[in-house]
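I am keeping these notes while I look through a single protein chain, and I want to write down what I looked up and what I found each time.

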Amino acid sequence: MRPRGLRRLWSGGRDAHLARAAAQALSTYVYVTLDGDWLSEATGDRGADVHAAALSAYIDAVPPETVLVRVRCHA
């Protein structure tokens, strides 16, 4: 990893780094909301970090009885 990449990785300090790492652990390229919206890193040109944080926030917000499914498909 280049030094610039390391600076970005640690930008915001330890807590920001841990929050990004936690969000990235659950992230997937595309997810579908209960409303049927397909959201990805390209949605609004938001990039990987914002996409991962948005997915984590969405998961935190769904009702606790919601069953979440991750489907991986290669065509």
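The entries below go from the whole chain to one helix, then to a surface patch and a single residue.

Entry one, the chain. I began by reminding myself that this is a predicted model. I counted the elements and found three helices and two strands, and reading from the N terminus on, I wrote their order down as α-α-β-β-α. I then looked up how much of the chain is covered, and of its 75 residues 16% count as buried. The accessible surface of the chain comes to about 6000 Å², and carbon and sulfur atoms hold 59% of that area. I also checked the contacts with a separation of 6 or more, and 40% of these join residues that are 24 or more positions apart.

Entry two, helix α2. I took helix α2, residues 13–26, and asked what span its 14 residues should have. At 1.5 Å a residue the expected span is 20 Å, and since I found the end C-alpha atoms to be 21 Å apart, the two values agree. Next I looked up which residues of α2 are buried, and these are His 17, Arg 20 and Ala 23. They cover an arc of only 130° around the axis, so they lie on the same side of α2. I noted the general rule beside this: an α-helix has 3.6 residues a turn, so residues three or four places apart point the same way. On the face of α2 turned away from the buried side, I found the exposed residues Arg 14, Asp 15, Ala 25 and Leu 26.

Entry three, a patch on the surface. I found that Tyr 29, Val 30, Val 32 and Trp 38 form a nonpolar patch, which together has about 440 Å² of accessible area. One of these residues, Val 30, has its place in strand β1, residues 30–32. Is Val 30 buried, partly exposed or exposed? Its relative accessibility is 31%, and because the partly exposed class runs between 20% and 50%, Val 30 counts as partly exposed.

Entry four, His 51. I located His 51 in helix α3, residues 47–61, and I wrote it down as buried because its relative accessible area is 0%. Which residues does His 51 touch, if I leave aside its neighbours within four places in sequence? The contacts I listed are Ser 27, Thr 28, Tyr 29, Val 30, Tyr 31, Leu 39, Ser 40, Glu 41 and Arg 46. For Ser 27 I also looked up the separation, and its C-alpha atom is 7.8 Å from that of His 51, although the two residues are 24 residues apart along the chain.

Note on methods:
Residues numbered from 1 in each chain as written. Predicted model: local features only at pLDDT ≥ 70, side-chain atom pairs only at ≥ 80, totals over all residues. Heavy atoms only, no water. Expected span 1.5 Å × (residues − 1). Buried < 20%, exposed > 50% of the residue type's maximum accessible area, 1.4 Å probe, protein only. Arc of directions from axis to C-beta. Patch = residues over 30% accessible without salt bridge, like charges linked within 9 Å, V, L, I, M, F, W, Y side chains within 5 Å. Areas by Shrake-Rupley, 256 points an atom, 1.4 Å probe, with all protein chains shown as cover. Salt bridge = Lys/Arg side-chain N within 4 Å of Asp/Glu carboxyl O. Contact = heavy atoms within 4.5 Å.
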